[in-house]
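Visitor: I should like to understand how the labels applied to this structure are justified. May we take them in turn?

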Amino acid sequence: MLIQELITNTNDVVEKLFVNRNLAQVSYDTFYNGFFYNKFLEYTEVNKVSFKLIFTGKSSFRIICKNCNKEIILVSEKLESKNSKGTFVCDISLLNLPQNGMIYPVFNDFDSDFKIINFSYSCDTKAKTPFVAAIICTYKRDEFVYKNLERLTECKGLLNKVIVVDNGNTINANLNDDFVKVVPNLNLGGSGGFTRGMMEAKNMGATHMLLMDDDIVIVPETICRAIYFLSLLKDEYADMWLGYSMILNNKPTTQFELGSRWSGYKMMINNHNIPLTSVKSLFRNETHHKYNYSAWWSLFMPVSVIDKNGLPYPFFIKFDDIEYGIRSKNQKILLSNGFGVWHENFDDKYSPSLEYYLMRNAAITNALHFSNSSRLTAFRYFGKCVKSYLKFKFVRIKMINAGLEDYFKGPSFLIKLDQIENNAFVKAKSTIKPNPIISFLFYPIIIIKNVIKIWIINKKIAISYLNNFVNLTSEENWKKLLGL
């Protein structure tokens, strides 16, 4: 469906994600309004769609199908509606169209009265009726939450419930109604917040859940599209996940990521920093890439995944989405144009305290899912430390070492850990700068010693994490952590 209202409220740069226009032509070969049909052919029974346009005025009109190699005109018409709204409807077969292509309308030779009120693609394929609960995890970001709740109200009817897990206990409880449920929660980070939301979604009988960061900007229509798509899936793809790309707030037409792969050493980001105003980039998004997770800034999952794979790992923050994606091996994750959110650049949210979690939780993830975790963790640790050392970022090395030390303590440390108290301790520790001369002289020795230690003891530690995995991700453990 055409996203017309949002266009009028955005600047010229962002508008290019919705429409390409000049004085002579209006075209919808864009990230949000191009119809990328290949996913429908592959995962649903849809092989024909009905295109419906509502307009006023006079214009020449074409529906074009295009991919990287060729362009086909599917429909060519003259439109005219003098005194009232005009309607144009046609059927389009998706069979025998070019692979990985898109369909889009183009308008030119229009008069001054011409206006596109709406257009949509629909099908008569029998659809299921999912019960979808959106889960927003938040910590004292009330204004972001209120704005996103306003956006989500536009999805009522398709989106059944919004669960706001309030780790900061600051969200107005008067928001509770038949659509919104505010859940006060202990601040166990994003891991604890999303886990609580998943448990709530399961208890209310939801079939699907949409995990969402609190500080994103989302186009409500994309949620409606996603739910429509999920309702049309073939039975063999009923458990498919649907992920969203991240678009940068400070570069609002640049895609930061469309799915990613954790290699055990670093993130291998798909289609990183590509311009979504380029049609070539859009076709690049439609090709298959290697990824083993999609981040939780926005991600649809069936609730049945909880019974199949358990609840998230109690990481507090960082790597919960990565570990859960890798854990759900062979899981099909749909990634496509048209599903994207704006999000703050991670560099703008960086704090040295994050190095603790990035090191500890990466090492745990490797221990759980990689047979060569000793080598991978040693390389990651050494690489991060050397990079920080060469930049004289000694606080970072201190926090990396702290994360590694707590990883060495094994799962028994996590089982007994007071996560709220530990997070406060980590933050406080990251504010104390080590002596630069002592750091310069002795950190190389400490780094080498830790690399050797990883090679010597990691295998035994990895086995202990594996042996305690089911316990740590169980509903019983999470209820105890959450005080339920």
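Visitor: What makes both faces of strand E19 count as covered?

Guide: In this predicted model, Ser-298, Phe-300 and Pro-302 on one side of E19 are buried, and so are Leu-299 and Met-301 on the other. In a regular strand the side chains alternate between the two faces of the sheet. Buried means under 20% relative accessible area, and 5 of the 5 residues of E19 (298-302) are buried.

Visitor: How do you know which strands E19 pairs with?

Guide: A pair requires at least two bridges. Strand E11 (208-213) and E19 are joined by 5 bridges in the antiparallel sense, and strand E13 is joined to E19 by 2 bridges, also antiparallel. Both therefore satisfy the criterion of at least two bridges. Met-212 stands opposite Ser-298 in E19, while Leu-242 has Phe-300 as its bridge partner there.

Visitor: Why are E10 and E20 called edge strands?

Guide: The open sheet has 7 strands in the order E10-E9-E8-E11-E19-E13-E20, with mixed pairing. Strand E10 (180-184) and strand E20 (333-334) each pair on one side only. For E20, 2 bridges join it to E13 (241-243), and these two strands run parallel. Trp-241 stands opposite Ile-333 in E20.

Visitor: What makes helix H10 regular in length, and is it buried or exposed?

Guide: H10 has 16 residues, and from its first C-alpha to its last it reaches 22 Å. The expected span at 1.5 Å a residue is 22 Å, and the value found is close to that. As to burial, 15 of the 16 residues of H10 are buried, and the helix is mostly covered.

Visitor: Where else does H10 appear, and how is the largest pocket described?

Guide: The largest pocket has a volume of about 2,100 Å³. Among the 50 residues that line the pocket, those closest to its centre are Lys-318, Phe-346, Lys-349, Leu-354 and Leu-358. Helix H10 (354-369) is one of the elements that give two or more residues to the lining, as are strand E8 (132-138), helix H5 (189-203) and helix H14 (419-430). The largest share, 5 residues, comes from H11. By class, the lining of this pocket has 20 nonpolar, 12 polar and 18 charged residues.

Visitor: Why is the other kind of space called a cavity rather than a pocket?

Guide: Rolling a probe the size of a water molecule over the atoms shows where empty space is left. The name cavity applies where a 1.4 Å probe fits but cannot get out, whereas a pocket is an open set. The structure holds 3 cavities of 30 Å³ or more. The largest cavity contains about 110 Å³ of space. Of the 13 residues lining this largest cavity, Lys-39, Thr-287, His-288, Tyr-291 and Leu-335 are the closest to its centre. At least two lining residues come from each of helix H3 (38-43), helix H7 (279-286) and E20. The lining of the largest cavity comprises 6 nonpolar, 4 polar and 3 charged residues.

Visitor: How do you know that Cys-155 and Cys-224 form no bond?

Guide: A disulfide requires two cysteine sulfur atoms within 2.5 Å. The sulfur of Cys-155 is 4.0 Å from the closest cysteine sulfur, in Cys-224, and is therefore too far for a bond. The structure holds 0 disulfides. Cys-65 is likewise in no disulfide: the nearest cysteine sulfur, in Cys-68, is 12 Å away.

Visitor: Why are Cys-65 and Cys-155 called buried?

Guide: The limit is under 20% relative accessible area. Cys-65 has 0% relative accessibility and therefore counts as buried. Cys-155, at 1%, also counts as buried.

Visitor: What makes the phi values of Asn-100 and Lys-140 worth noting?

Guide: Most residues other than glycine have a negative phi. Asn-100 has a positive phi of about 50 degrees although it is not a glycine, and the phi of Lys-140, also positive, is near 55 degrees. Asn-100 sits in the loop between strand E5 (71-93) and strand E6 (102-108). Lys-140 lies in the loop between E8 and helix H4 (142-152).

Visitor: Why is Asn-100 called partly exposed?

Guide: Partly exposed covers the range between the buried limit of 20% and the exposed limit of 50%. Asn-100 has 23% relative accessibility and therefore counts as partly exposed.

Note on methods
Residues are numbered from 1 along each chain as its sequence is written. This is a predicted model: local features need pLDDT of at least 70, side-chain atom pairs count only at pLDDT 80 or more; totals for chains, interfaces and linings use all residues. Side-chain values use heavy atoms; hydrogens and water are left out. On a 1 Å grid over the protein atoms alone, a cavity is a set of points where a 1.4 Å probe fits but cannot get out, and a pocket is an open set with protein on both sides within 12 Å along at least five of seven lines; lining residues have an atom within 4 Å of a point. Grid points are joined across faces, edges and corners, and a volume is the space filled by probe spheres set on the points. Helices (H or I, at least four residues) and strands (E, at least two) are DSSP runs, numbered from the N terminus. Ala, Val, Leu, Ile, Met, Phe, Trp, Tyr, Cys and Pro count as nonpolar, Asp, Glu, Lys and Arg as charged, and the others, Gly among them, as polar. Buried means under 20% relative accessible area, exposed over 50%, partly exposed in between (1.4 Å probe, protein chains only). The expected span of a helix is 1.5 Å times one less than its number of residues.
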